[in-house]
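Colleague: I'm new to this one and would like a close look at a single part of it, the sheet and what packs around it. Could you walk me through it?

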Amino acid sequence: MGNGHAQCRHLGQIAHFFEGVCFGLFLSMSIVTVQLGQCGNQIGFEVFDALFNDSHCPRGLCSKKENEAYQASCKERFFSEEENGVPLARAVLVDMEPKVINQTLSKAARSGRWKYGQHSCFCQKQGSGNNWAYGYSVHGPRHEESIMNLIRKEVEKCDSLSGFFIIMSMAGGTGSGLGAFVTQNLQDQYSSALKMNQIIWPYGTGEVIVQNYNSILTLSHLYRSSDALLVHENDAVHKICAKLMNIKQISFCDINQVLAHQLGSVFQPTYSGEGSFHYRRNPLGDLMENLVPHPEFKMLGVRNIPQMSENSLAYSTFTWAGLLKHLRQMLISNAKMEEGIDWQVRPPLSGLPPLGKMSVNREIHFNTSIANLVILRGKDAHSADVGAFKDPALYTSWLEPVHAFNVWKTQRAFRKYERSAALVSNSQSLVKPLDRIVGKAWNMFASRAYLHQYTKFGIEEEDFLDSFTLLEQVIASYCNL
């Protein structure tokens with residue numbers, strides 16, 4: 001034991017010595033991103049582009065030394081230095097059709113700022129036809145060795161691996177079915193590395209007739225093999241594009257840029273503690289530790305404030321007090337953006353039964369949290385008061401706010417926002433959409449609609465029933481918070 005303490009003290013001294021010399025580079029752990037299917041590859045590109053552009057943003061509103069440390073930390077996390085000084089994304093791209101991967105590779109190369117490795121892609125000529133079973137049972141086993149080899153090569157380039165960030169949709173075939181298969185393999189082969197799946201929740205109206213089947217199969221499988229599911233709902237992001245970004249004709253590219261902005265605001269470097277100017281070395285591990293205290297609860301959502309078009313930004317000023325007041329109300333009223341927040345929703349008074357706890361369908365429903373992480377970036381972030389997020393009424397009774405709430409900060413501004421805040425929360429906010437998807441899938445299953453498309457590839461009724469059972473249990477656990 002004594003030895004360990006001496007070692008820690010020694011490391012502390014070295015760290016102190018390196019304070020100005022890019023501490024991020026000294027100890028930052030890397031994340032390998034796996035982009036799956038059309039959706040995963042298109043979003044993956046936007047995420048790396050957002051990370052790179054932000055870290056090379058000339059006006060980070062901080063000292064040159066701080067900016068260099070921030071850049072070095074971001075680079076070590078997401079990029080490896082390779083060809084002719086152009087950083088390579090630490091990523092593996094997988095799709096069963098070549099079109100999107102080819103577009104993604106050339107788009108990155110054209111930017112001239114960063115690119116994907118030449119040998120980091122796997123694609124085939126035939127897609128999965130929106131069939132989860134085909135992605136999982138046919139493409140998965142058939143291409144397992146090639147895909148896992150690419151991932152292994154990417155892992156070997158990391159001095160220190162924090163874990164995997166897996167980007168996928170849950171409604172189609174390749175991203176969802178193959179994504180679930182690959183995640184399971186990562187769990188088997190890299191059991192000590194963390195796995196976070198970023199999942200795109202389909203539009204309620206739906207583009208694919210069997211999307212609810214695909215979704216419940218994806219979610220139930222990921223619940224067994226992933227450490228955390230970071231969920232983005234297409235409907236919510238669409239509203240942000242329309243109402244906050246003032247985009248008239250919304251494209252997938254617009255939606256993906258909003259997603260990338262939100263993910264960047266979570267994953268870019270922050271200081272490791274109060275009063276520290278060293279960047280956090282293991283963001284994925286810290287996220288899990290702060291937000292997933294129990295394996296029954298692993299669904300996370302992200303909210304950002306402010307989010308607006310560049311034109312509006314020029315005329316706007318924000319205070320930390322204003323931003324945090326809105327962000328807290330967004331959390332408790334389960335609003336995904338600052339416009340149209342319901343200010344009537346209040347935390348339940350202690351001792352009184354809270355409103356709406358009894359049913360999934362109550363309209364005024366206070367959104368109870370298990371854990372929240374607030375990330376503040378920009379001017380005077382150290383002086384922002386986050387006390388309102390420490391109110392025990394916000395949390396489940398079995399976790400004290402001291403364990404349920406964390407705040408990460410950096411003076412370094414994100415993108416063009418002088419002050420911005422992100423909130424990653426593990427709360428009841430996905431109960432309704434999950435209940436809706438399970439209900440729709442059950443109605444189809446009860447009438448045996450489209451089941452033959454799955455059974456012919458080895459996904460039996462028993463597999464569906466297992467998925468329903470697991471997800472009903474997840475819904476019940478979140479409802480009973």
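Modeller: Happy to, and keep in mind that this is a predicted model. Let's start with one pair of strands: β1 (residues 30–36) runs parallel to β6 (residues 161–169), and 6 bridges join the two. If you want a spot to zoom in on, find Q35, which sits opposite I167 in β6. As a bit of background, strands in a sheet pair through backbone hydrogen bonds, in either a parallel or an antiparallel way.

Now zoom out to the whole sheet. It's an open one with 10 strands, and the pairing is mixed. Reading across, the order goes β5-β4-β1-β6-β7-β8-β9-β12-β10-β11. The edges are β5 (121–123) and β11 (405–410), each of which pairs on one side only. From one strand to the next, the twist averages 20°.

Next, the helices that lie on it. Helix α3 (residues 37–55) packs on the sheet and touches β1, β4 (91–95), β6 and β7 (194–201). Compare its direction with that of β1 and you get an angle of about 140°. Helix α5 (residues 98–111) packs on the sheet too, touching β1, β4 and β5, and its direction makes about 150° with that of β4.

These two helices also pack on each other. Their axes are 9 Å apart, at an angle of about 5°. An angle under 35 degrees counts as roughly parallel, so that is the word for α3 and α5. On the α3 side, the residues in this contact are Q38, N41, Q42, F45 and E46, and they meet V100, I101, T104, K107 and A108 in α5. Sorted by class, that contact has 4 nonpolar, 4 polar and 2 charged residues.

Stay with α3 for a moment, as it leads us to a pocket. The second largest pocket holds about 650 Å³ of space. It's lined by 29 residues, and those closest to its centre are Q38, C39, N130, S169 and G172. Q38 may ring a bell, since it's also part of the contact with α5. The elements giving two or more residues to this lining are α3, α5, α7 (174–189) and α10 (252–267), with α3 giving the most, 5 residues. By class, you'll find 10 nonpolar, 15 polar and 4 charged residues in the lining.

From α10 we can step across to α9. The axes of these two helices come within 9 Å and cross at roughly 100°, which makes α9 roughly perpendicular to α10. From α9, the contact uses N234, V237, H238, I240 and C241, while α10 brings D254, I255, V258, L259 and Q262. Those residues divide into 6 nonpolar, 3 polar and 1 charged.

Last stop: the enclosed spaces. The whole structure has 3 cavities of 30 Å³ or more, and there's about 150 Å³ of space in the largest cavity. β8 (228–233), α9 (234–244) and β9 (299–305) are the elements that each give two or more residues to its lining, which brings us back to the sheet, where β8 and β9 are neighbours in the strand order. The lining has 13 residues, with V231, H232, E233, V302 and K336 nearest the centre. Split by class, it comes to 6 nonpolar, 4 polar and 3 charged residues.

Notes:
Residues are numbered from 1 along each chain as its sequence is written. This is a predicted model: local features need pLDDT of at least 70, side-chain atom pairs count only at pLDDT 80 or more; totals for chains, interfaces and linings use all residues. Side-chain values use heavy atoms; hydrogens and water are left out. On a 1 Å grid over the protein atoms alone, a cavity is a set of points where a 1.4 Å probe fits but cannot get out, and a pocket is an open set with protein on both sides within 12 Å along at least five of seven lines; lining residues have an atom within 4 Å of a point. Grid points are joined across faces, edges and corners, and a volume is the space filled by probe spheres set on the points. Helices (H or I, at least four residues) and strands (E, at least two) are DSSP runs, numbered from the N terminus. Ala, Val, Leu, Ile, Met, Phe, Trp, Tyr, Cys and Pro count as nonpolar, Asp, Glu, Lys and Arg as charged, and the others, Gly among them, as polar. Two strands pair if DSSP finds at least two bridges between them. Axes are lines fitted to C-alpha atoms, for helices over the stretch in contact, and angles run from 0 to 180 degrees between N-to-C directions. Contact means heavy atoms within 4.5 Å. Angles under 35 degrees count as roughly parallel, over 145 as roughly antiparallel, 65 to 115 as roughly perpendicular and the rest as oblique.
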